[in-house]
2 protein chains.
Amino acid sequence: MDVRTVCLGILSRGSATGYEIQKAMKEGWPSLFFEASYGSIYPALAKLTDEGLVTCREETEVGRPDRKVYSITPEGDQAFSQSLLKPLTPDRYRSDFLAMIYFSDSLPPALLQKYLDDRIREHQSELQLIDELSEGDQTPGEAFLMEWGRRINQLCIEFIADNRDVLEDGVVVQQAEAAE
Amino acid sequence: MDVRTVCLGILSRGSATGYEIQKAMKEGWPSLFFEASYGSIYPALAKLTDEGLVTCREETEVGRPDRKVYSITPEGDQAFSQSLLKPLTPDRYRSDFLAMIYFSDSLPPALLQKYLDDRIREHQSELQLIDELSEGDQTPGEAFLMEWGRRINQLCIEFIADNRDVLEDGVVVQQAEAAE
DNA sequence: CCGCTATATATCGAACTGATAGGTTTGTTG
DNA sequence: CAACAAACCTATCAGTTCGATATATAGCGG
């Protein structure tokens with residue numbers, strides 16, 4: 001699923017500006033499964049407009065750039081439903097954190113500890129984000145995503161707390177061996 | 001952490017060809033946190049060779065393309081250790097599966113069920129991969145990644161089994177409402 | 001009044017993907 | 001045993017996407 005399609009999907013939930021779409025991918029429900037930069041969102045919206053899948057209503061503001069509010073068209077709705085029928089592509093995941101873990105034997109122990117502490121805090125922030133998103137309305141999809149996000153983040157926090165000694169003791173053992 | 005750096009990291013564990021590096025990112029431990037295509041791996045290795053961070057020993061084979069075995073140099077080792085000190089970039093995650101969940105109200109119920117079944121099977125495959133990787137040697141980082149991967153995949157399987165009715169019943173309820 | 005954050009648009013070089021090309025060896029199966 | 005598939009190995013390239021940056025204005029706190 002590319003930027004084009006996710007933009008369509010978000011617009012199928014309601015009209016939005018490019019900025020708001022990016023924000024949804026950064027702080028809304030879509031942040032749990034997608035993210036994209038302006039550099040791909042704006043060209044995507046321009047192309048979707050060309051193809052008649054969305055329309056653009058330009059709200060002229062005084063003294064600042066025009067707000068371009070995009071809305072999905074019936075053709076866009078149909079194109080989106082269609083694209084949901086195409087086979088799912090595999091998840092793509094890239095994690096500096098897990099890479100750091102894998103290569104942690106080449107890392108100063110103090111830095112490793114800092115990274116682990118930071119990571120726990122990040123998971124806690126995401127739990128808080130999910131709590132905030134969960135207030136109010138709830139489609140079945142959102143309810144599923146909410147609980148999914150909660151469980152994953154809780155597991156990660158618990159796992160790091162329980163297993164960090166595997167990494168930190170590994171370092172200690174190596175130090176003891178080196179001391180012999 | 002870009003392709004360059006991960007290639008360096010993999011080479012710090014032992015010499016390899018471009019093909020083997022790609023395989024490690026697809027089927028080895030690195031697959032848990034990184035993936036890259038040939039289109040980025042080969043140029044990265046060429047550039048690293050130019051910069052003297054890796055060396056390339058060309059093994060001429062009879063009747064097939066030369067095997068280019070890359071090895072890390074002391075400068076490469078140092079560059080890699082250095083790059084581990086740079087602040088971690090946030091994880092990047094993109095999931096067609098979770099997107100499909102979020103938009104599942106626009107999806108035929110039968111297809112939703114198929115996607116959920118497929119997903120459980122994918123998680124089971126990954127559990128099997130982790131079991132295979134876990135045979136033999138084990139650095140602290142690998143032990144941590146192993147258990148991390150196991151727990152996450154187990155949680156996902158269990159969660160889908162326990163909560164799929166939230167999505168599927170949602171659909172059923174909508175059908176009942178439509179029938180009135 | 002300075003710096004910061006939020007709103008909003010947009011571009012651009014660099015990085016990366018996904019598909020394709022090209023050729024060989026090894027293993028399997030009808 | 002021949003045909004076929006899968007693994008091995010290098011490599012390119014169009015198109016997509018990232019990350020940083022530019023440009024403005026409003027509003028808030030120190």
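Helices here are DSSP runs of H or I with at least four residues, numbered from the N terminus. By that count, helix α1 of chain A is followed by A:Gly14, a residue whose phi is positive, near 150 degrees. The model is a predicted one, and what comes next starts with the fold of chain A before returning to this helix and then to the second copy.

Chain A contains seven helices along with three strands. Read from the N terminus, the order is α-α-α-β-β-α-β-α-α-α. As for overall shape, the chain does not match the figure for a compact globule: 180 residues packed that way would have a radius of gyration near 16 Å, while chain A comes out at 22 Å. Along the principal axes, the C-alpha atoms take up a box of roughly 75 × 35 × 35 Å.

How much of chain A is buried? Of its 180 residues, 44% are. Among contacts with a separation of 6 or more, 56% link residues that lie 24 or more positions apart. The exposed surface of chain A adds up to about 9,300 Å², with carbon and sulfur atoms supplying 51% of that area. Chain A also carries 18 positive and 32 negative charges, and the mean positions of the two sets sit 7 Å apart.

Back to helix α1, which spans residues 3–12 of chain A: eight of its ten residues are buried, so the rest of the structure largely encloses it. Which residues of α1(A) are buried? They are A:Val3, A:Thr5, A:Val6, A:Cys7, A:Leu8, A:Gly9, A:Ile10 and A:Leu11. The cover over these buried residues comes from both chains: chain A contributes elements including α2 (18–27), α3 (38–50), β1 (54–59), β2 (67–72) and α4 (74–84), and β3 (92–94) of chain B joins in.

That brings in the second copy. Chain B can be laid on chain A by a turn of 180 degrees with a shift of 0.0 Å along the axis, giving an RMSD of 0.1 Å. The two copies are therefore related as by a two-fold rotation axis. Which C-alpha of chain B is nearest the axis? That of B:Tyr93, at 2.3 Å from it. Both copies use the same surface, since 100% of the contact residues of chain B turn up again in chain A.

Methods
Residues numbered from 1 in each chain as written. Chains lettered and ligands numbered in written order. Predicted model: local features only at pLDDT ≥ 70, side-chain atom pairs only at ≥ 80, totals over all residues. Heavy atoms only, no water. Helix = DSSP H or I, 4+ residues; strand = E, 2+ residues; numbered from the N terminus. Rg over C-alpha atoms; globule rule 2.2 N^0.38 Å. Buried < 20%, exposed > 50% of the residue type's maximum accessible area, 1.4 Å probe, protein only. Contact = heavy atoms within 4.5 Å. Areas by Shrake-Rupley, 256 points an atom, 1.4 Å probe, with all protein chains shown as cover. Lys, Arg positive; Asp, Glu negative; His and termini not counted. Charge placed at Lys NZ, Arg CZ, Asp CG, Glu CD. Least-squares fit on C-alpha atoms with pLDDT ≥ 70 in both.
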